[in-house]
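Me: I am new to this structure and would love a close look at one part of it. Could you take me slowly through the place where two helices pack together, and then through what lies around it?

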Amino acid sequence: RLLPYQQRLGRYCDKVRYVRNVMNWSESVMSFWCTIGCIGAGIFGLFVPWAFLIRWTSRLIVWICLGPWMKGLDVFLHGLTVEEEVERQKMKSSNQIKQAFQLQCKAAKTLRENTLKLKAFRVRLFG
């Protein structure tokens, strides 16, 4: 049961051992070429306009990730079309109107009951 894990661990150990040998210059040819590559990358990096590249790369990433087509992606993922959205808004507003009407009816009913109570109270007191 452990054989695949042991083989994978053995491959990891071989890779770590190889990297350690390169870092200690035991593998001198590979260490030389890594050093030359790093020096070349450093010299090349001196002449690259980093501010320009970072500014425009970040602008492109933001534009690609947050562009106007995200609305289309939202419609595609959630399945709401413009008509369905309008219908949903109409239902929401009609529900709000119904609730407001029910509150008005309740207030009118309470006012009517209080008026009847007051009238009955006056008849009881003053005849």
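## A helix pair and its surroundings

Reply: Happy to! In this predicted model, α1 and helix α2, which covers residues 28-46, pack with their axes 8 Å apart and at an angle of about 70°. Angles of 65 to 115 degrees count as roughly perpendicular, and α1 and α2 are therefore placed in that class. If you are wondering why two values were quoted, it is because a pair of packed helices is described by the angle between the axes together with the distance between them.

Which residues make the contact between α1 and α2? On the α1 side they are Tyr18, Asn21 and Val22, and on the α2 side Met30, Ser31 and Cys34. Sorted by class, the contact holds 4 nonpolar and 2 polar residues, with no charged residues.

Now look at the loop that joins the two helices. Glu27 sits in this loop, between α1 and α2. Apart from its neighbours within four places in sequence, Glu27 touches Tyr18, Asn21 and Val22, residues you have just met as the α1 side of the helix contact. Is Glu27 buried or exposed? The answer lies in between: with a relative accessible area of 33%, Glu27 is partly exposed.

The loop between α1 and α2 also holds Trp25. What is notable about the backbone here? Trp25 has a phi near 65°, which is a positive value in a residue other than glycine. As background, most residues other than glycine have a negative phi. In terms of surface, Trp25 is partly exposed, at 46% relative accessibility.

Next, step back along α1, which spans residues 3-23. Here Asp14 and Arg17 form a salt bridge, with 2.9 Å between their closest N and O atoms. In general, side chains of opposite charge can pair when their charged atoms come close. The positions along the helix help to explain this pairing: Asp14 and Arg17 are 3 residues apart in α1, so about one helical turn separates them. Asp14 is partly exposed at 47% relative accessibility, and Arg17 is partly exposed as well, at 41%. The count of salt bridges comes to 1.

Further back still, in the segment before α1, you will find Arg1. With a relative accessibility of 92%, Arg1 counts as exposed.

On to aromatic rings, where a search of the whole structure finds 3 pairs. Among them is the pair of Phe32 and Trp33, whose rings meet edge-to-face, 5.2 Å centre to centre and with 70° between the planes. Phe32 is partly exposed, at 39% relative accessibility, whereas Trp33 reaches 55% and counts as exposed. Another edge-to-face pair is formed by Trp63 and Trp69, with 4.7 Å from centre to centre and 80° between the planes. There, Trp63 is exposed at 52% relative accessible area, while Trp69 is partly exposed at 38%.

Finally, a few distances help to place this part within the whole chain. Arg1 and Trp63 are 62 residues apart along the chain, and 50 Å separates their C-alpha atoms. Glu27, back in the loop, has its C-alpha atom 98 Å from that of Arg112, with their positions 85 residues apart along the chain. Glu85 belongs to helix α5, which runs over residues 82-126, and is partly exposed with a relative accessible area of 23%. Between the C-alpha atoms of Glu85 and Gln7 the distance is 57 Å, for a separation of 78 residues along the chain.

To find your way back, return to the contact residues Tyr18, Asn21 and Val22 of α1, and follow the chain into the loop that holds Trp25 and Glu27.

How values were computed. Residues are numbered from 1 along each chain as its sequence is written. Side-chain values use heavy atoms; hydrogens and water are left out. A salt bridge is a side-chain nitrogen of Lys or Arg within 4 Å of a carboxyl oxygen of Asp or Glu. Helices (H or I, at least four residues) and strands (E, at least two) are DSSP runs, numbered from the N terminus. Buried means under 20% relative accessible area, exposed over 50%, partly exposed in between (1.4 Å probe, protein chains only). Axes are lines fitted to C-alpha atoms, for helices over the stretch in contact, and angles run from 0 to 180 degrees between N-to-C directions. Angles under 35 degrees count as roughly parallel, over 145 as roughly antiparallel, 65 to 115 as roughly perpendicular and the rest as oblique. Contact means heavy atoms within 4.5 Å. Ala, Val, Leu, Ile, Met, Phe, Trp, Tyr, Cys and Pro count as nonpolar, Asp, Glu, Lys and Arg as charged, and the others, Gly among them, as polar. Rings of Phe, Tyr and Trp (its six-membered ring) pair if their centres lie within 6.5 Å; planes under 30 degrees apart count as stacked, over 60 as edge-to-face and the rest as tilted.
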